[in-house]
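Hello,

Here is the structure for you to look at. My notes follow below it.

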Amino acid sequence: MKRLKSSPFIVLLLATFNYASGQDLILNDLEYFETQGVNILVYNNLFTGGFNDEKNAGIELIHHGVRTSQGGAVRLSNTPEQWDLVPEISNRTVNKTAKTIESDLRYADYDFDSRVVVTAKGKGIEISVYLDKPLPKVLEGSAGFNLEFLPSQYWGKTYLMDGRYNRFPRYVVGNTITRPDSEKPKQFKGYVTSDNRGTGRFIDPLPLETGHTFLLAPDEPERLVKITSHDADLMLFDGRVLAQNGWFVVRSLLPAGKTGKVLTWTVEPNAIKGWVREPNIGFSQVGYIPSQPKVAVIELDKKDKPLEKAWIFKIGEDGNASGVFSGNIVPWGDYYKYHYVKFDFSAVNTPGIYYIQYGDVKTNNFLIESSVYDKITDATSDIWIPIHMNHMFVNEAYRVWHGEPFKDGYLQAPPNTDHFDIHSQGPTTDTKYKAMELIPGLNIGGFFDAGDFDIETGANIGVVQNFVHTWEYFKPLRDQIFVDQKQRYVDLHRPDGTPDMLQFIEHGTLNLVAQAEIIGHMAQTLSNAVLDNYHHLGDAASITDGLPYNPNLGPYEIAPDGRSSGVKDDMWAFTSRNPGLDLRAATMFAAASRALKGYNDDLSVRALQQSKRLMKEATELLANQPEDNRNRWAGSANMATNLQLYISTGEKQYIDAFQELLWPALDRNLSITISTAMDAIPHMDASYKEKLRPYVVKYKEYIDGLEKDNPYGVPIGLGNWAGNGAVVSFGTTICFANKHFPDIIDASHAFKITNWLFGCHPYHNYSFVATVGAARPKAVFYGNNRADFSFIPGNVAPGVLFRKPDHFENYDDWPFLWGQNEGTIAGNTSYLIFGSAFKNLME
Ligand SMILES: [Ca+2]
Ligand SMILES: [Ca+2]
Ligand SMILES: [Ca+2]
């Protein structure tokens, strides 16, 4: 958004108005410290030590609307990484009278407890660390108090340490030393994040500066923060030296041998007098078709006074803009931190180039034209999906996205192994293979999971199903890529005469059939064996050395014949048998078999064989399990499985089982189940559809209820992974509900989903789909090219991440938080279905 120059008169007015308001921090009812422009959160969001992103917790600063600082806590290294130990916050006490938040921090691995007390002091806070017992000897020189600052908000800006001028570096070029591994604090569950190449030493960054008074960004009032400590040295580190997702870290070591109050910092974030957050005008960056409803949702600071009107300007072919419409601003109400108003400009329906003007804020331009939605899935299907084809070389014009990965194949994961990507190998292998033995034939087909490179079997099953769904409903004949399974080569923008969708179905099925045939059942995952190559950034073909592991060789040795190595980098197959997963695979194989018939008959036959066998075996295995376990799998997966098997075989037993599960599930969880229920309509008689009708009426109430829940009318998730997946599913359900029950569900509801995805949402108004959105799609994503602050076209971001207690966020200058910026193969293929269904609806 572009802010027009304010007149001096307005500036003067605001300054006068705010002179009267105090700037001292208060401890508010939501239990954080607040003044206009500054929010300081103290353990509202906790570290987990497991799967959640650890850059989302601790003492956090939301500075003039942007969360620029986090991670405030007692930490055990200069620049902690994702898998370093995090403190457990066992107790947090809020004292509103004393304006104090006191928290107990514990490192169980070291039996080390500390207490962090944060107190509002004027315009800032005082942070004190207390120890009841002296620091454990082993943590002397390691334990300290850290606070992290977001590099993309500080690089290029200045800093002063004790009056010495300096500038935050755009890229890390730091000084480091190495120290013996014996001095390195333990990492989470004993994981090791880096490969020391046999040196026995770890990298330790050196401070950029040290002193007692640290001033960040005096050149940028929105980012200006002053940190002082009289009793400890403040050190500044650059965490990017160890990990590209590292932040600038301000740190003081805790003193050895002392108890009581051992460290005190004063942190004073600047609050700009009269600051009011710029309005966020949410609208569809992709544009609108002439006849559709067009409503902008404007997100306002609660201190901002809503205007009475907004304007639509049309840009003429001579380059001049003229106002063509003005409409009233209609209040919606408060939703978490902000206030929302709406601007309906549906009356504007002449094709053209437009922008919205609200006060002195004008948006970038957008189109009104009947074709605006025609290409919304092309980047995803032509670019993002083929780039995520595993075990292939992927080329695009002059650029190679990746070489052929994992030529070394997959080893049997050893029993009793816990995995960092939330899998585990049970007490047995459940296969004929010995621990660490090569399981030949698994390095074929399949799709990278997300910003990482593993094959999540569960996700890949869903992905093949999404492709078949898209194929069977919409028959997309689009052919923009060349796929040659013999050459193991993919070339983008080179049509080869075969619809790409069939090639995607084939590619996914090839890996999953290989799993079923070779292992005998589905693997949980095909994933990295070592953490030091799990966080890989770069060409997927360089994750492993491409040579099978040879235990007779030394750790970094290559065999004289060049055909094996002693590097323990080979991927592992986690093969503990899960009959629930096998059932889901049976469903998918049945569907894939139908789609592949006539294109790849051999694979079609093999898929159907595996479907029947897995269905039979999994059903028997489940029947022999204790009642408790069985119930775990009796949910939606089994319901969809039975439906798919009925569609493939026509056998009555499957449809009976489907209905037995369906009706109670609809009563229990309508919004999730209704979609599967509608999938059955084409295969059932008219009475089934009539029985479903009252549920669709209830679903309409659910849709209407969302209008009251939030200003956008879509289901907004508040979890640690943002909620665009649920929004996309909601959209798909609406499209199908309209197709089957147009008298109940109006097609116009579907525009809420496109609006949301393409720019009408909290925090900013960029399109969540990479490169989709005429003028302003998001610029950075958590793809496998995230270290380049870039994107892979067609990726759908998870969206606005909720941070407790009232903040939504989606960084567009910092790609590294996966909960807001990563795209997954499952999520992006769901978007393909929604986009296809939506385009179908438009026709
Ligand atoms: Ca993964
Ligand atoms: Ca093709
Ligand atoms: Ca290898």
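Is Ile-481 buried or exposed? Ile-481 is buried, because its relative accessibility is 0% and the cut-off for buried is under 20%. Keep in mind that this is a predicted model.

Ile-481 matters here as a calcium donor, so to the first site.

Calcium ion (ligand 2)
Ile-481 gives its O atom to this ion, and Thr-498 does likewise. Asp-479, Asp-496 and Asp-500 bind through OD atoms, and Gln-503 through OE1. The distances are 2.4 to 2.5 Å. The site has 6 donor atoms and is octahedral, with angles of 81 to 168°. Along the chain the donors are spaced D-x1-I-x14-D-x1-T-x1-D-x2-Q. Ile-481 sits in strand β37 (residues 481-484), while Asp-496 is in the loop between β38 (489-492) and α5 (500-519), so the pair ties together parts 15 residues apart in sequence. Asp-496 counts as partly exposed because its relative accessibility is 25%.

Calcium ion (ligand 3)
The protein donors here are Asp-408, Asp-545, Asp-569 and Asp-570 through OD, plus Leu-547 through O. They lie 2.2 to 2.5 Å from the ion. The spacing reads D-x136-D-x1-L-x21-D-D. Asp-408 and Asp-570 link distant parts of the chain, 162 residues apart. Asp-408 is in the loop between β31 (399-402) and β32 (410-412). Asp-570 is in the loop between α6 (531-534) and β40 (571-574). Both of these Asp residues are buried.

Best wishes

Key:
Residues numbered from 1 in each chain as written. Chains lettered and ligands numbered in written order. Predicted model: local features only at pLDDT ≥ 70, side-chain atom pairs only at ≥ 80, totals over all residues. Heavy atoms only, no water. Donors = N, O, S within 2.8 Å, 3.2 Å for Na, K, Ca; no water. Helix = DSSP H or I, 4+ residues; strand = E, 2+ residues; numbered from the N terminus. Buried < 20%, exposed > 50% of the residue type's maximum accessible area, 1.4 Å probe, protein only. Tetrahedral: all angles 85-135°; square planar, octahedral: opposite > 155°, others 65-115°.
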